[in-house]
Amino acid sequence: ENVEILIHLQPGISPDKTIDALFAFTNCEVSISPNSCVIENEKPVFIGVSEILKRSTQQTLELLKRELEIEKNELEEKWHFSSLEKIFIKEEMYIDFKKYSDKETLFAYLYECFKPHKKKFLRAINDEDLHKLTQIPMIRITRFDTIKAEELMKELEGKIEEVKNY
């Protein structure tokens, strides 16, 4: 902390050149490179810290965006099925099931029943949706609460909008 170095120079020697020469032989003038070596496309690339931060941030943003898209799709699927279920039960489409002996004619009947409601859905109805509807237990149909279904759909709509904003 309190070290003092005193150097006596011979006449005719430049003090500036001597100081530069002294620093060259000490750790005071060691060159440190802030670049890092990363592997990109299976090749080493030397980039700076700020570029690493930019790339990492961009990659994180892409991952977050994908996660939000997945969450949005899951919420939209829940909303879609909830709306199908509500219409299915409200319109009492399950009552005529006994008239149809096989799956194909039953599904054709259900597609026809859902035609007037097509504009309300986020996507087209498919066989998997109809299969899920036909698997709803009767106890759930008899205890179906339209108000709760509406609240669930509004809650899902709010979550979908929130995810879209993110």
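User: What share of the chain's 166 residues is buried?
Analyst: In this predicted model, buried residues make up 21% of the 166 residues in the chain.

User: And how much area does the chain expose, and what share comes from carbon and sulfur?
Analyst: The chain exposes about 13,500 Å², and carbon and sulfur atoms supply 54% of that area.

User: What is the radius of gyration, set against a compact globule of 166 residues?
Analyst: The chain has a radius of gyration of 36 Å, whereas a compact globule of 166 residues would have one near 15 Å. Along the principal axes, the C-alpha trace spans about 115 × 35 × 25 Å.

User: Got a pair of residues that shows this span? How far apart are Ser-14 and Leu-133 in space?
Analyst: Ser-14 and Leu-133 are 94 Å apart in space, taken C-alpha to C-alpha, and 119 residues apart in sequence. Ser-14 itself sits in the segment before helix H1, which covers 15-24, and with a relative accessibility of 29% Ser-14 counts as partly exposed.

User: Switching to secondary structure, how many helices and strands are there, and in what order do the elements run?
Analyst: There are 6 helices and 2 strands in the chain, and from the N terminus on the order of the elements is α-β-β-α-α-α-α-α.

User: What about contacts, which share joins residues at least 24 apart?
Analyst: If one takes the contacts between residues at least 6 apart in sequence, 59% of them join residues at least 24 apart.

User: Now Asp-129, where is it, and is it buried or exposed?
Analyst: Asp-129 lies in helix H4, which comprises residues 127-134. Asp-129 counts as buried because its relative accessibility is 3%, and the cut-off for buried is under 20%.

User: Which residues does Asp-129 touch?
Analyst: Leaving aside residues up to four places away in sequence, Asp-129 touches His-80, Phe-81, Leu-84, Arg-123 and Ala-124.

User: Charges overall, then: how many positive and negative side chains?
Analyst: The chain carries 25 positive and 32 negative side chains, and the centres of these two sets lie 9 Å apart.

User: Last topic, how many disulfides does the structure hold?
Analyst: The structure holds 0 disulfides. A disulfide is a covalent bond between the sulfur atoms of two cysteines.

User: Are Cys-37 and Cys-113 buried or partly exposed?
Analyst: Cys-37 is partly exposed, with a relative accessible area of 44%, and Cys-113 is also partly exposed, with a relative accessible area of 22%. The value for Cys-113 is 22%, and buried would require under 20%, so Cys-113 falls into the partly exposed class.

How values were computed
Residues are numbered from 1 along each chain as its sequence is written. This is a predicted model: local features need pLDDT of at least 70, side-chain atom pairs count only at pLDDT 80 or more; totals for chains, interfaces and linings use all residues. Side-chain values use heavy atoms; hydrogens and water are left out. Helices (H or I, at least four residues) and strands (E, at least two) are DSSP runs, numbered from the N terminus. The radius of gyration is taken over C-alpha atoms; the globule rule is 2.2 Å times the number of residues to the power 0.38. Buried means under 20% relative accessible area, exposed over 50%, partly exposed in between (1.4 Å probe, protein chains only). Contact means heavy atoms within 4.5 Å. Accessible areas come from the Shrake-Rupley method with a 1.4 Å probe; for residues, only the protein chains shown count as cover. Lys and Arg count as positive and Asp and Glu as negative; His and the chain ends are not counted. The place of a charge is taken as NZ of Lys, CZ of Arg, CG of Asp or CD of Glu. A disulfide is a pair of cysteine sulfur atoms within 2.5 Å.
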